[in-house]
Amino acid sequence: MKVFLNYIFSFIIFILLWWLVQYVTNSPSYILPSPYKVFFSIRDNYLLLLDHSLITFFEILLGFILGILFGMYTGILLIISKSMRKWMLPFIILTQAIPIFAIAPILTLWVGYGIWSKIIMTTLIIYFPITIAFYDGLKRIDPMIINLAKMMGASTYSMLIKIRIPFALPQLTSGLKLAAAFAPMGAVIGEWVGASKGLGYLMLYASGRVQIDLMFSSIIILAFFTILLYNLVSFISNYITSWDPKSHIK
Amino acid sequence: MKRTNLSFILKGSLKIENENENEILFSNLKLNINYNKWTSIIGQSGSGKSTLLKIIAGIEIPKVFENTITCHPKNYSFSWMAQNDLLLPWASVIENVTLGQRLRKEKLDINKAHNLLEKVGLNNAAKKLPSTLSGGMRQRVALARTIMEDKDIILMDEPFSALDSITRSAIQKLTWKLLKDKTVIMVTHDPLEALLLSNNLYYISREKLKPINLPISKPLREINDENLLYSHKHILNKLEKSYNS
């Protein structure tokens with residue numbers, strides 16, 4: 001409840017600042033529409049916004065889940081295999097040197113204009129933070145705990161499931177929170193490059209027709225998605241790491 | 001448990017690499033371990049006590065060996081109790097005590113675990129998380145976990161050094177009471193602790209393990225035992241000489 005009230009308070013401050021800037025600069029509505037104009041735009045176009053939002057939300061969610069699965073799988077491979085660490089880690093870091101904007105058109109070319117190119121973009125954008133956070137967590141375990149488990153006769157599998165992964169959860173949840181903030185960006189970049197549906201597409205559509213209020217409506221809904229996803233991830237993270245209060249954001 | 005005494009022999013030298021040159025940590029070691037007795041090893045910080053314990057357990061095989069260990073007690077199983085309790089923070093006390101069985105996917109012997117917790121005075125804390133316990137309580141959970149494993153040899157790496165003096169004394173007595181009939185190898189930097197609890201005592205000096213005569217009384221010795229105090233003084237002198245040389 002307290003978190004919800006904090007968000008309401010922040011939202012009110014944001015709206016007031018927005019209003020103030022618009023009032024002081026006296027910007028025309030095709031440059032910076034006032035909050036109430038955007039509010040009316042959301043009310044008038046809610047069916048259109050809902051239609052596009054559902055597509056984007058689905059892309060974000062599926063991309064997010066796939067990113068988590070691939071990222072965790074890679075983290076495990078890196079920790080259990082020395083050769084994987086040697087060859088794969090530099091490759092993973094190298095892929096991050098390629099701007100995500102450069103990959104988007106190629107993905108559209110390869111996978112098409114459908115939702116999959118956007119899902120892959122979302123997956124790609126969160127893959128790195130998840131992988132590195134999880135790998136870091138798996139690595140940080142006290143070696144004496146590993147030795148203790150070995151002396152107890154733990155197999156590689158039970159060591160991973162019962163010792164390494166639980167120890168890595170606080171680190172993983174940091175990566176998940178970061179990923180929750182980045183995931184919507186991946187979907188929208190994908191939609192900007194080539195799409196006929198989604199909030200990214202709607203932003204471009206509205207921009208081309210100087211419907212700046214509709215563009216702002218899309219941005220606000222996207223921000224709402226990001227906040228929703230972040231809080232959902234934070235809630236789940238706090239639950240699975242309830243034994244480690246240090247990893248919780250107050 | 002094989003009812004025989006055993007010897008741990010390390011032929012050759014174990015070197016550690018430091019900033020300036022390779023320093024020999026110890027060479028040609030022989031450690032006689034008596035069945036169902038406490039053997040303690042003392043030495044100053046950095047003398048290689050913990051490393052030696054890890055080598056005995058087979059969990060650390062140093063890379064820089066001139067020769068190899070020729071007589072490793074391979075057929076023995078070990079359990080480990082360290083300065084750090086090594087409890088899993090997400091697991092309850094009872095889950096920590098039964099950790100070995102859970103890792104080996106064996107049937108859990110919950111009754112035995114509860115009995116052990118009762119012996120260490122923590123039966124009421126079975127469902128608590130380690131973070132809610134004091135340092136002394138956590139070390140008692142580690143003790144219960146160690147006994148639960150029921151291995152041939154119990155290796156203890158300065159198990160009481162992180163505790164305050166009152167708690168330390170209580171846990172030393174409890175540990176000795178519960179492990180007096182077990183084969184224990186303990187390393188410690190505290191000669192008094194070693195004198196109180198050991199049947200055999202060695203100290204690491206100039207790359208060698210040297211035996212130290214213990215007072216005639218049996219462990220758990222009284223702290224005001226005159227012989228013990230004399231031995232304590234004697235060991236401190238030896239350690240001081242070793243340190244100065």
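**Exercise 1: Confidence first**

Among the elements of chain B, which has the lowest mean pLDDT and which the highest?

*Solution.* We're working with a predicted model, so start with the confidence values.
- Step 1: the low end belongs to strand β4 (residues 69-71) of chain B, with a mean pLDDT of 48.
- Step 2: the high end belongs to helix α2 (residues 93-97) of chain B, at 97.
- Step 3: zoom out to the chain. Chain B averages a pLDDT of 83, and 84% of its residues reach 70 or more.
- Step 4: go back to the weak spot. Over residues 66-71 of chain B, pLDDT stays under 50, and the model has 12 contacts beyond four places in sequence for that stretch. Where pLDDT is low, the predicted coordinates should not be read in detail.
- Step 5: for the complex, the predictor reports an ipTM of 0.85 and a pTM of 0.84.

**Exercise 2: Sketch the sheet of chain B**

Work out the strand order of the open sheet in chain B and say which strands stand at its edges.

*Solution.*
- Step 1: take the inventory. Chain B has eight helices and nine strands.
- Step 2: pair up strands. β5 (residues 78-82) of chain B runs parallel to β6(B), with five bridges between them. As one example, B:F78 has B:I153 as its bridge partner in β6(B).
- Step 3: carry on from β6(B). Five bridges also link it, again in parallel, to strand β7 (residues 183-188) of chain B; here B:M156 is partnered by B:M186. Getting from β6(B) to β7(B), the chain passes through helix α6 (residues 165-179) of chain B, in a right-handed β-α-β crossover.
- Step 4: add β3 (residues 38-42) of chain B, which runs parallel to β7(B) and is joined to β7(B) by five bridges. B:I42 pairs with B:T188 there.
- Step 5: write out the order. The six strands of the open sheet go β5-β6-β7-β3-β8-β9 (chain B), with mixed pairing.
- Step 6: find the edges. β5 and β9 (208-212) of chain B each have a single partner strand, so one side of each has no neighbour in the sheet.
- Step 7: add the geometry. From one strand to the next, the twist averages 20°. Helix α5(B) packs on the sheet, where it touches β5 and β6 of chain B, and its direction makes about 175° with that of β5(B).

**Exercise 3: A strand and a loop residue**

Are the residues of β6(B) buried or exposed, and what about B:K127?

*Solution.*
- Step 1: take strand β6 (residues 153-157) of chain B. Five of its five residues are buried.
- Step 2: sort them by direction. B:I153, B:L155 and B:D157 point one way, B:I154 and B:M156 the other, and all are buried.
- Step 3: switch to B:K127. Its place is the loop between α4 (110-119) and α5 (135-149) of chain B.
- Step 4: count neighbours. B:K127 has 9 C-beta neighbours inside 10 Å, and the cut-off for exposed is 12 or fewer, so B:K127 counts as exposed.
- Step 5: look at its contacts. Apart from neighbours within four places in sequence, B:K127 is in contact with B:S92 and B:I94.
- Step 6: try a distance. B:K127 and B:A194 are 67 residues apart in sequence, and their C-alpha atoms are 34 Å apart in space.

**Exercise 4: Put the two chains side by side**

What do the secondary structure, burial and contacts of chain A look like, and how do the figures for chain B read?

*Solution.*
- Step 1: list the elements. Chain A has 10 helices and zero strands, while chain B has eight helices and nine strands.
- Step 2: check burial. In chain A, 38% of the 250 residues count as buried; in chain B, 36% of the 245 do.
- Step 3: check contact range, taking contacts with a separation of 6 or more. Residues 24 or more positions apart account for 78% of them in chain A and 70% in chain B.
- Step 4: get the extent. The C-alpha trace of chain A spans about 70 × 45 × 30 Å along its principal axes.

**Exercise 5: Describe the interface**

How many residues does each chain bring to the contact, and which helix of chain A supplies the largest share of its side?

*Solution.*
- Step 1: count both sides. Chain A brings 15 residues and chain B brings 19.
- Step 2: find the elements. On the side of chain A that touches chain B, α7 (143-151) and α8 (156-193) of chain A each supply at least two residues.
- Step 3: pick the main contributor. α7(A) has the largest share of that side, with seven residues.
- Step 4: sort by character. The residues on the chain A side split into nine nonpolar, three polar and three charged.

Conventions. Residues are numbered from 1 along each chain as its sequence is written. Chains are lettered from A and ligands numbered from 1 in the order in which they are written. This is a predicted model: local features need pLDDT of at least 70, side-chain atom pairs count only at pLDDT 80 or more; totals for chains, interfaces and linings use all residues. Helices (H or I, at least four residues) and strands (E, at least two) are DSSP runs, numbered from the N terminus. A residue is buried if 20 or more other C-beta atoms lie within 10 Å of its own, exposed if 12 or fewer, and partly exposed in between; C-beta atoms are placed from the backbone. Two residues are in contact if their C-beta atoms, placed from the backbone, lie within 7 Å. Ala, Val, Leu, Ile, Met, Phe, Trp, Tyr, Cys and Pro count as nonpolar, Asp, Glu, Lys and Arg as charged, and the others, Gly among them, as polar. Two strands pair if DSSP finds at least two bridges between them. A crossover is right-handed if, with the strands pointing away from the viewer, the path from the first strand over the helix to the second runs clockwise. Axes are lines fitted to C-alpha atoms, for helices over the stretch in contact, and angles run from 0 to 180 degrees between N-to-C directions. pLDDT is the predictor's confidence in each residue, from 0 to 100.
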